[in-house]
Structure formats: C-alpha cells, structure tokens
Amino acid sequence: MRNFERPGRSAAYGSRGMAATSAPLATLAAIDTLRAGGNAADAAVVASAVLCVVEPAMTGIGGDCFALVGAPDGKVSGLSASGRSGLAADADWLKTSGLTGIALRSIHAITVPGAIDGWDQLLRKFGTMDLGEALKPAIRLAEEGVPVTPRVAWDWPEDTPFLAADEGGRIHCLKDGRAPRVGEIMHYPALARSMRLIGREGRDAFYRGAIAEDIVATVRARGSLLTMEDFAAHESTWVKPIATEFAGHEVLEIPPPGQGLTALIAMNVLSQFGLRRLAPDSVERHHLEIEAMKLAWELRNRHIADPDFHEAPVDELLSAKTAQKLAGMIDMNRALDFGTAMRSSGTVYLSVVDERRLAVSFINSVYDGFGSCVVTPGTGIALQNRGACFVTDPDHPNCIGPRKRPLHTIIPAMVRKDGLVDMSYGVMGGDYQPMGHITVAVNRYIHGMDPQEAIDWARYFPKEGKVQVESAVPEHVKKGLIEKGHALTSPRAPLGGGQAIAIDRDSGVLAGGSDPRKDGFALGY
C-alpha cells in the first residue's frame with residue numbers, strides 16, 4: 001500500500017475491461033473501443049495507431065510490433081511482426097561495402113516496417129474490426145491535431161538536428177524548424193492521408209501500393225538496398241511463446257529474434273537464490289538482479305538472431321543446468337566485470353484486457369528517436385532503424401543478410417497461473433526491457449506489490465561496465481552496491497516505461513498500472 005501523504009498514483013481498478021498505455025489519448029481510445037463493443041485486440045490496434053500520432057518519436061507505422069495474446073481459456077499466441085533487410089544485403093555486398101557496423105542513422109539500418117501487417121493479422125485472427133475502422137481515431141487526431149504532452153516534449157529536442165537535416169523530417173516532425181513545446185498542437189496531415197489510404201485499401205496499400213513506392217523511392221535515393229519486391233514479400237509470423245517458471249507462475253515471452261529469452265534466463269538464475277528471504281529494498285536483491293542480467297546479456301549477444309537463419313538453443317539456455325551454472329558464477333560480495341555495449345531506443349508498450357478476459361500484451365517501435373529520422377516527404381512516415389541491431393561479422397548469427405530480421409529489443413510479456421492469464425505486462429526502453437521484466441516480476445510475485453507499485457519501483461541497469469541507477473534508488477542501496485564493486489552512474493533519461501494489467505480470478509477484478517516515467521495512465525471500467 002502506498003503512502004497517501006506522498007505524491008504517487010494508485011493502481012487502476014475495473015471489472016469489465018481495462019487499458020494501460022503511455023499516453024492519455026491512447027488509453028481513452030482503447031477504453032472507448034471496449035465500451036463500444038470492441039474486444040482487446042481491436043482496442044490494442046486502435047491504441048497503437050493513436051500512439052503513432054501522439055508519441056511519434058517512440059512509435060509509428062514505419063516501425064515493427066510484437067504481441068502476446070492470451071485467450072480466455074489461457075492459450076497464449078505470439079505475433080512476430082518484425083521487418084526484414086533487403087534481398088540484396090548478401091555476403092558479397094557486405095564484403096564490398098566496407099561496413100564494420102550498422103550505424104543508428106545509416107540508410108542500411110532501415111528495414112521493411114512490419115507494424116501494419118502485424119496490426120492487420122492481429123485483427124484478422126482475434127479482432128472484430130477491420131483495419132479501416134481501427135485507424136479512424138488516429139486519423140481524426142492526426143488531422144485535427146494533438147497537444148504535445150510533457151514527456152513527449154522532453155524527448156523531442158534530442159532528435160531535432162537529425163529531423164532538420166531531412167526533408168520529410170522538417171516538413172512533418174518539426175514546428176517552425178524546432179521541436180514543439182509542451183501544449184503546442186501538432187498536425188500530421190500526410191500521415192492521416194497515409195492511414196486513410198491503408199484503411200480504404202488494406203495492408204497492401206502499404207506493402208504493394210503507393211505508400212511502398214514512396215518509401216522505396218525515398219530510401220533508394222540515399223543508397224538503400226530495399227526494393228518493392230522486399231516490401232511485397234513481407235509477412236508477419238505467428239509463433240509459439242517461450243516460457244519459464246518463476247515464483248509459482250509461468251512467464252511467457254516472444255521467441256527470437258526478440259530478446260525475451262534474456263529475461264527468462266535471468267529469472268531462472270534468480271530462482272536459484274531464495275529471493276523471498278531478501279527485503280525488496282535490500283542491497284542483495286539489487287545486486288542479484290544486476291548480476292543475473294549481466295550473465296543473461298552475454299548469452300543474448302551470442303545466440304539471439306533470426307530463427308530462419310539460426311536456431312538458438314532455447315531449451316538448453318532455459319535448462320536447470322544452465323541456470324545453476326550461471327548462478328554459480330555470482331559472488332554475493334563482488335560484482336562481475338562485464339562491459340557489454342548497449343544502445344538506447346524509442347518504443348511504446350500497451351496492455352488491454354476485455355470483459356471476456358481476452359488479454360493483449362502489445363509493443364510497437366521505430367527503435368531510436370524517430371527511428372532513422374528519415375521521414376518520407378509524401379506519406380509523412382518516419383522509418384525505423386531497427387537494422388542497427390545487426391552486426392557485420394559474417395560468422396555471427398546476427399550478421400546482416402538477405403531478407404533477415406535483426407535481433408529485436410522490443411518484447412511483450414504475459415504471465416499465467418494455473419493455466420490462465422494472471423498478468424499482461426511489458427517494460428519499454430530498448431536494451432533495458434529484459435531488466436524491467438525481471439524487476440517487475442520480482443516486485444509482483446516475490447514481494448506482492450500491485451501492478452502500479454511494481455512499475456513505480458526505482459530502477460537500475462548494468463550497461464557498458466557500469467550500473468545506471470535512477471535518483472530514487474535508496475542511498476543505502478547505492479552505497480552497498482559501490483561496496484560490492486559496482487560503478488554507479490546516472491542514466492541520461494528515466495529507465496524505460498511500462499504498463500501492466502493483473503487479473504484477479506477470484507474477485508473478477510482487473511488491476512492496472514502505468515509508468516509515471518511517461519505521460520499515460522491505466523483506466524478500467
């Protein structure tokens with residue numbers, strides 16, 4: 001129970017339906033959809049489309065998405081809607097290109113956007129709406145204009161120089177050549193026209209029609225390998241989730257190329273240490289999570305890649321033997337000396353549960369702020385730079401290759417108890433995401449926190465040889481971590497954001513939380 005004398009937020013409660021997103025207009029659109037008779041799949045796509053308008057640095061129709069869908073009977077389906085590189089990105093091209101990496105703003109970081117096909121497939125399999133109907137709220141907001149909220153305004157200036165250097169960025173993503181201020185209205189008429197065309201002609205308008213033509217013409221003029229054939233060949237994939245047992249619950253994640261495996265490995269390591277004996281604000285609890293993530297991270301970077309090209313040994317990595325071996329590497333008195341390089345990113349995560357208890361855990365992203373910062377002048381679409389997650393070592397499973405999906409940081413999560421969905425949750429923030437998944441799970445299932453408390457918790461994250469700690473991490477924890485050899489630093493921005501909806505099967509009540517690090521909220525009815 002939170003201290004009501006201090007600033008904070010209570011968990012949201014409802015019995016019929018609930019939505020939690022990072023923007024008020026998106027949460028409201030999802031709830032409007034549910035109350036009008038739509039289901040959780042409909043509401044998730046509606047909310048995601050609205051987020052593309054109100055949080056354009058974080059997400060867009062030029063990005064990718066993933067989803068976990070929990071049916072009322074407990075069956076969970078996974079949707080992998082990540083885009084691929086061009087067919088021409090072969091070994092000969094790579095050898096002659098001279099590339100030693102794929103830079104964040106490189107034209108070769110732009111992959112085929114997978115989101116629109118993913119939305120279409122989600123609606124076709126689980127929804128009651130078609131894509132045209134689901135896009136209507138976002139189209140209206142893009143045409144009428146939306147006020148810029150505080151966190152969105154805070155993030156925007158960092159990307160302004162890149163947007164200003166791009167024709168489409170200047171036209172569609174800046175206001176009088178600058179980042180918009182809090183409360184200023186932004187209009188996106190070109191994006192509205194693009195969404196209206198998709199709504200009228202379907203997903204093929206994006207992958208085979210005028211929108212694809214505009215995107216391909218824009219990127220090929222800058223040296224991209226992407227072609228109309230690459231767009232026409234794109235298709236999302238329904239996948240079987242991967243899972244592990246944690247604190248008497250089953251935690252499910254999207255399989256590779258997503259990094260959900262990283263979170264599950266770390267949870268298995270933590271399960272070796274009897275976490276219930278440790279106080280939530282103990283130094284030992286923080287140390288264990290940090291060390292488990294370091295170990296899981298090393299395995300992530302060795303194994304996670306497009307499963308069409310490399311099959312990660314998931315069973316072996318999630319085995320008790322691996323968990324015990326990794327746990328044996330942790331010294332409770334001394335930090336491991338790992339310094340793996342990581343990147344930041346821009347993403348939105350949302351969760352929706354409806355009256356029938358269909359649950360959707362959904363995440364959509366353009367990766368870095370405004371993705372590549374290449375915005376198509378005609379269609380107003382900011383193109384993702386997800387290909388920056390490729391490596392260029394030909395011997396590495398995640399090396400860029402023909403029509404290949406890169407390692408992906410965005411990961412929705414879902415939890416089952418006794419075969420039924422117990423919680424739909426996710427934590428955004430690029431490479432931080434698996435760390436966020438384990439911290440929220442520990443808070444919820446070890447320490448009994450409600451979804452809002454679990455998300456509010458001050459965050460910490462091992463990155464590049466140091467541990468980033470938010471300012472709210474208690475001083476005694478910081479001191480204890482330093483004594484164990486952790487080098488602490490302050491993150492440039494709050495660590496991620498997140499949403500969660502828990503289902504109380506006994507009472508029939510939904511409890512939701514939304515991250516105070518963003519502008520949104522959870523709302524039930």
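The following exercises, with worked solutions, concern salt bridges and one strand residue in a predicted model.

**Exercise 1.** Determine which residues form a salt bridge with Arg105, and which parts of the chain these pairs tie together.

*Solution.* Begin with Asp159: Arg105 forms a salt bridge with this residue, and the closest N and O atoms are 3.4 Å apart. Arg105 lies in the loop between α3 (91-97) and α4 (115-126), while Asp159 lies in the loop between α6 (150-155) and α7 (160-164), so the pair ties together parts that are 54 residues apart in sequence.

Next, consider Asp368, whose salt bridge with Arg105 has its closest N and O atoms 2.8 Å apart. Asp368 belongs to the loop between β11 (359-367) and β12 (413-417), so this pair ties together parts that are 263 residues apart in sequence.

**Exercise 2.** Classify Arg105, Asp159 and Asp368 as buried, partly exposed or exposed.

*Solution.* The cut-off for a buried residue is under 20% relative accessible area. Asp159, at 5%, is therefore buried, and Asp368, at 9%, is likewise buried. Arg105 has a relative accessible area of 27% and is therefore partly exposed.

**Exercise 3.** Establish where the partners of the salt bridge between Asp431 and Arg300 lie.

*Solution.* The closest N and O atoms of this pair are 3.2 Å apart. Asp431 is in the loop between β13 (420-428) and α17 (433-446), and Arg300 is in helix α14 (residues 283-303), so parts 131 residues apart in sequence are tied together.

**Exercise 4.** Describe the surroundings of Gln468.

*Solution.* Gln468 lies in strand β15 (residues 466-469). Its relative accessible area is 14%, so Gln468 is buried. Among the residues that Gln468 touches are Arg459, Tyr460 and Leu495. Arg459 is in turn linked with Glu470, Asp515 and Arg517 in a network of salt bridges.

Definitions and conventions: Residues numbered from 1 in each chain as written. Predicted model: local features only at pLDDT ≥ 70, side-chain atom pairs only at ≥ 80, totals over all residues. Heavy atoms only, no water. Helix = DSSP H or I, 4+ residues; strand = E, 2+ residues; numbered from the N terminus. Buried < 20%, exposed > 50% of the residue type's maximum accessible area, 1.4 Å probe, protein only. Contact = heavy atoms within 4.5 Å. Salt bridge = Lys/Arg side-chain N within 4 Å of Asp/Glu carboxyl O. Lists of a residue's contacts leave out its neighbours within four places in sequence.
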